[in-house]
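Welcome, and thank you for taking a look at this protein chain. Please have the sequence and the 3D view open side by side as you read.

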Amino acid sequence: MNSVLGKFMTVMIALFLVSYAGYQTFRYFYTGYKTENAYRFEVARSYNTHGILLRDETVLEQQTNGVVRYALEEGHKFIPDTPIAAVYSSQEAAEAAEKREALEREAQVLRSVRDSTNPNELAQLSLLNNDISVTLRQLTANESLGIVADPEKSRLDVLEAAGRRQLITGEAGDLEGRILQLEQQMPQMEQPTWIYADRIGYFSRFVDHCEEQFSPVMLEELDGDTVRQLSEQEYPYDTQAFGKCVNDYQWYYLTVIPLEDAEMFQEGADLTITFVGSTGDPVSGWVEQVKEEKEKNQAVLVIASTDVSADTVSRRTASVKLGFSDYQGVRFSRQALRIQDGKKGVFVKGTSTVRFKQVDIVYTGKDFYLSKLDYSSDIYLNIFDVIIVEGTDLYDGKPLEQGRY
């Protein structure tokens, strides 16, 4: 009996020792607290929407008995007596004038190169080679992406750079002969009838006959349903109309957004406006007004701008991307946030103890925060700090236990 009891006790002691050893091993290697590294992070915010543009504009009533060639680009500012367009008697005469002007531009570039006899006026060879290479690569990239750029300007830029390169290297090139050839190819040009501006404004050739309807005076009376309805309609251009004058540089963009998104837009906040499908640069603007319609769970967003471009004077409706200022800071998980003595912060691993570091939250994400970045501070969370995300019984100054973090 004693022998059986002794064997039983031996087995129990052995099991205890094995269990204890396993527990200590588990305790040593198990990370009791989940940690993460703090790092610098940037949030680029944007919002895509569709809406309508309101402008103060007037249709230019002109009787043109002939073919019109415009002298102004879209969005170009003019004053009284500025030539807006030339009228030719026929399409052939207009095409001859266009060809002559193109040949004259090329000849003028070559004359400029020919007359650059002062070495100080010539660019360095390496820069010229780089200019040629960059322009050709950009043309190739634009073509592959389907971007409509200005091929004529790019061609003349390459021509000028190549001509200057010939002058530096002494390579064979008959600039004088090419200039003479261009001059001989210039056709005779009919003297057109010019149309001049009689007011101050910004020019656009696109008329949809809604110029009086879509005036800024509508701002106060438009509700969300009306804005949505107007933005979904088609506004075809009148191809027979001469053009219009945008009378003021300030314009407005109206769109309807879900009420839950309205908090993203603070009145007075700056933003950028990128017109979808346009090759033009983004324009700057600001949030003029956010009119909430809580009963319909929507809001009318009014964006104002004083930047004028081809897009801002010609489009009636537009899909745009609204870009906000980027947020930068130290990123950490939302579950790591703690409150100590009324101060927000996180626990981090110090040299030998747990430390509490404050945070200054500048952005709230779905599952993270951004704290203001201050490289010189040891009080606030900084990059490369090891944050204790999960854990209990944490306090500032707690000794670090080996294997627990």
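What follows is a short tour, from the whole chain down to single residues.

## Before we start

This is a predicted model, in which local features need pLDDT of at least 70 and side-chain atom pairs count only at pLDDT 80 or more, while totals for chains, interfaces and linings use all residues. Residues are numbered from 1 along each chain as its sequence is written, and side-chain values use heavy atoms, with hydrogens and water left out.

## The whole chain

The chain holds 7 helices and 22 strands. Both are DSSP runs numbered from the N terminus: helices are H or I with at least four residues, and strands are E with at least two. Of its 405 residues, 37% count as buried, where buried means under 20% relative accessible area, exposed means over 50%, and partly exposed lies in between (1.4 Å probe, protein chains only).

The accessible surface of the chain is about 24,000 Å², and carbon and sulfur atoms account for 50% of that. Such areas come from the Shrake-Rupley method with a 1.4 Å probe; for residues, only the protein chains shown count as cover. Among contacts (heavy atoms within 4.5 Å) between residues at least 6 apart in sequence, 77% join residues at least 24 apart.

## A barrel of six strands

Here is a feature to trace in the 3D view: 6 strands close into a barrel in the order β3-β11-β14-β13-β12-β15, with antiparallel pairing. Two strands pair if DSSP finds at least two bridges between them. On average, neighbouring strands of this sheet are turned by 45° against each other, direction ignored. The axes behind that angle are lines fitted to C-alpha atoms, for helices over the stretch in contact, and angles run from 0 to 180 degrees between N-to-C directions.

Strand β11 (residues 251–258) and strand β14 (residues 298–305) run antiparallel and are joined by 8 bridges; in this pair, Pro-258 stands opposite Gln-298. Strand β12 has antiparallel pairing with β13 over 4 bridges, and also with β15 over 4 bridges. Leu-271 has Gly-285 of β13 as its bridge partner, whereas Ile-273 is matched with Leu-322 of β15.

## The nonpolar cores

The largest nonpolar core has 21 residues, and those touching the most other members are Phe-265, Ile-273, Phe-275, Leu-301, Ile-303 and Leu-322. Two or more residues each come from β3 (46–54), β11, β12 (270–275), β13 (283–293), β14 and β15 (317–323). Apart from this core lies another, of 16 residues, including Leu-222, Tyr-252, Val-300 and Ala-304. A nonpolar core is a set of buried Ala, Val, Leu, Ile, Met, Phe, Trp, Tyr and Cys residues joined through side-chain atoms within 4.5 Å.

Strand β12 shows an alternating pattern: Leu-271, Ile-273 and Phe-275 point to one face and are buried, while Asp-270, Thr-272 and Thr-274 point to the other and are not. Not counting residues up to four places away in sequence, Ile-273 touches several residues, among them Trp-251, Val-283, Ile-303 and Leu-322.

## A closer look at Trp-251

Trp-251 belongs to strand β11 and counts as buried because its relative accessibility is 2%. Leaving aside neighbours within four places in sequence, its contacts include Leu-53, Phe-275, Ile-303 and Thr-312. The C-alpha atoms of Trp-251 and Ala-304 are 5.9 Å apart, although 53 residues separate the two along the chain.

A polar atom of the Trp-251 side chain lies 2.7 Å from the backbone oxygen of Asp-307. A polar contact is a pair of N or O atoms within 3.5 Å; within protein, one must be able to donate a hydrogen and the other to accept it, and residues adjacent in sequence count only if both atoms are side-chain atoms.

## The open sheet and Ser-204

In another sheet, 4 strands are arranged openly in the order β4-β10-β9-β6, with antiparallel pairing. β4 (57–60) and β6 stand at the edges with a single partner strand each, so one side of each has no neighbour in the sheet. Strand β6 (residues 77–78) is joined to β9 by 2 bridges, with Lys-77 opposite Tyr-202 and Phe-78 partnered with Gly-201.

Ser-204 sits in strand β9 (residues 201–204) and is buried, with a relative accessible area of 0%. Its bridge partner in β10 is Lys-244. The side chains of Ser-204 and Glu-74 share a polar contact of 2.7 Å, and a polar atom of the Ser-204 side chain lies 3.2 Å from the backbone nitrogen of Phe-206.
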